[in-house]
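I open this notebook to record what I looked up, entry by entry, beginning with a single side chain and its burial. The coordinates come from a predicted model, and I read every entry with that in mind.

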Amino acid sequence: MRTGDYKQTYGELVALVDSPPVWMWSAVLVVALIVAPYALNSYALSFVTIILITVVGALGLNILTGYTGLISLGHVGFLVTGAYAYAILVSKYQMPPLVGFIGAGLVPAIASLIVGAPSLRLKGLYLAITTLAFSFIINTAILEVRWLTNGARGIAVQRPELLGISFDGDAAFTHLCLGFAIVTLFATLNIRRSRVGRAFVAIRDNDTAARVMGINLHAYKLLAFVTSAFITGIAGALYGIYLSFVSVEGFPFLLSIEALAILIVGGLGSALGAVLGTILIVLLPEATRIVFSLFSTQMDAMFSTGAQELKSMLYGLVIILFLRFQPRGLVGAWHDIRRTWVHWPLRY
Amino acid sequence: MQYLTQLLISGLAIGAIYGLIAMGFAVIYKSTGLVNFAQGEMTMIIAYIAWTISTTAGGNLFLVSIGAIIAAIVLGLVIERVVMRPMLGEPLFATVMVTIGLAVILRSSINFIWDAYPHGLDVGFGRDIVRLGAIGIRTGQIAVITTLLLLLVAIWAFFRYSKFGVAMRAVAADDRTALLMGISAPRVHAAAWAASSVIAGIAGVFFAISYDLSPAMFQLGLKAFPATILGGLDAVLGSGIGGLLIGITENLAGGYLGSGMKEVAGFVMIIVVLMIRPFGIFGERDIERV
């Protein structure tokens, strides 16, 4: 029985997981997800795919908001830039999908450099406001530059073929998303335990102190922003492929709020939290619909007419309730349960 | 020349609405230190309430304005008491996120309480066009510009001379010392939310009179952001003037550069302002002591 966190060496402190069973359970989960496409019907499978894509995006935002403590209200801007970068490279100029994915990461990263450089010199909420502005500017820019983006008509995107493997079928595409989710998860976990990740967290916890310790605030904030935009862009490309059609309407502003809701619900600054939050937030509208439809068919009708509004209302409600009653999110709740379980009947 | 004057005047009119909403941002920022992302949504809700009153009361101007002001005060107080007060003392990040959550809830509630179609708020004036030489201007637009100027003077006097205004500035400057001086910070916060809600409501009603009500009205709040950044987040008067500047810029950009530029002119301006003078034209530079 583990009764506490006794970490004696530096290696233990930066270990990816703090106990071996976690590896086993993770492996079981991965195997389950690999088998899932063959066992589930296509409706349930679409949720699995959406969750895997959203995990990539949420982990991207987690680097910025969770680790570094900077709010971005315009991450949908990077999502849409990534999706368009992929669509333009692959569908319009017939580049290989691998180049498309690299472009989907690099183009938002460059865009984030342009937005971030002026706004990250400042403290506090300014990044939230400039990213909000960015997401509106980028939407207008996409609609205006018709020769490149087809304006409001959008660009159709095919399922890709990577390294000789075709990801055309639904099952295969889920596997592709799973691959991206796992790679992103490892990448962000490793960033967190590196020198760079510790610098991010130091900035979040107290930026003046971090600066005194010799951390270049401007450079590290910008680095967090660029990394976050890169990962979000790739999530955008995946989402574009999933929709098989990239247009401005496919990426509503609500996605930015959804991403923040995911981080808050899951628990800020934790990769596990981002995953748990994604599962809850993606399934929340569907779960609410099922619960309500048990009561009356009238409620069910309301869901089908005002689905988008109901979804955003739920996100807002979840954000407020979690911040008020469980600010550490699902991860915090999980830690509390685990501690109670281990120490019962003692409280500590 | 006539085209330019017309653009300037309609820019001033829409700018006055941005200015009012921006003042709402600044009033809350000045007394609680947080940016209220739900300002545009509050504007929209109060405009819709005013519309409901006008349709039931037959467009009586007096009833509509009294009803809208009362509704605005109630809305502001309820939001402060139910949603914001429990977050007192929490980190800034959490408090700001709460206002974002509130914004999404208010925004989507429109479609459930009212509907998604545009409506005109008819109170018997506002849509008539007054001719000044060759230039046409709506009476509603004249009224909103006048209201903004009057409010600017009133708020300046309030913060400068009234005891409560000074107390609000004290809480904004240093809430702990203000508490020690016997000022009730929660009361100041409640007053700030109510005041900001009323200012937002005035903007919303004027917008509904001159243009139309629609569930997309919350975007006024986003348009007012550049105004308050330009004027300075902590400068109430600066925000009002910033609104006029943004309105004119937007209309000139729309008139000479195309409608796409009209939509983003304000946002481009935010990024430029933050690069050159991050605390705004009238804002105070933040000095941090360790």
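Entry 1, a salt bridge within a helix. I looked up A:E286 first and found a relative accessibility of 16%, so this residue counts as buried. Its side chain meets that of A:R289 in a salt bridge, with an N to O distance of 3.1 Å. For A:R289 I noted 30% relative accessibility, and therefore I list that residue as partly exposed. Both residues belong to helix α13 (residues 271–295) of chain A, where they lie three residues apart, about one turn of the helix.

Entry 2, the salt bridges of A:D336. I next turned to A:D336, which at 24% relative accessibility counts as partly exposed, and I found that A:D336 forms a salt bridge with A:R328, the closest N and O atoms being 3.0 Å apart. A:R328 is itself partly exposed, with a relative accessible area of 46%. A:D336 also forms a salt bridge with A:R339, and here the closest N and O atoms are 3.7 Å apart. Because A:D336 and A:R339 are three residues apart in helix α16 (residues 329–343) of chain A, about one helical turn separates them. A:R339, with a relative accessible area of 41%, is partly exposed. Through shared partners, these salt bridges join A:R328, A:D336 and A:R339 into one network. When I searched the whole structure, I found seven salt bridges over all chains.

Entry 3, the interface. How many salt bridges does the rule find across the interface of chain B and chain A? I recorded zero there, and the count of residue pairs in polar contact between chain B and chain A, both at pLDDT 80 or more, is likewise zero. On the side of chain B that touches chain A, α4 (92–113), α9 (219–231) and α11 (259–276) of chain B each supply at least two residues. The largest share of that side, 16 residues, comes from α4(B). I sorted the residues of this side of chain B into 30 nonpolar, five polar and three charged. In contact terms, 38 residues of chain B meet 37 residues of chain A, and the two chains bury about 3,400 Å² between them, 85% of it on carbon and sulfur atoms.

Entry 4, the nonpolar core. The largest nonpolar core holds 187 residues, and A:F101, A:F251, B:F37 and B:M97 have the most contacts inside it. Helix α3 (residues 42–67) of chain A gives the most to this core, with 15 residues. I followed B:F37 further and noted that, leaving aside residues up to four places away in sequence, B:F37 touches residues including A:L73, A:A128 and A:I129 of chain A, and B:V96, B:I100 and B:F225 of chain B.

Technical notes
Residues numbered from 1 in each chain as written. Chains lettered and ligands numbered in written order. Predicted model: local features only at pLDDT ≥ 70, side-chain atom pairs only at ≥ 80, totals over all residues. Heavy atoms only, no water. Core = buried A, V, L, I, M, F, W, Y, C linked by side-chain atoms within 4.5 Å. Buried < 20%, exposed > 50% of the residue type's maximum accessible area, 1.4 Å probe, protein only. Helix = DSSP H or I, 4+ residues; strand = E, 2+ residues; numbered from the N terminus. Contact = heavy atoms within 4.5 Å. Buried area = accessible area lost by both parts, 1.4 Å probe. Salt bridge = Lys/Arg side-chain N within 4 Å of Asp/Glu carboxyl O. Polar contact = N/O pair within 3.5 Å; in protein donor to acceptor, adjacent residues only side chain to side chain. Nonpolar A, V, L, I, M, F, W, Y, C, P; charged D, E, K, R; others polar.
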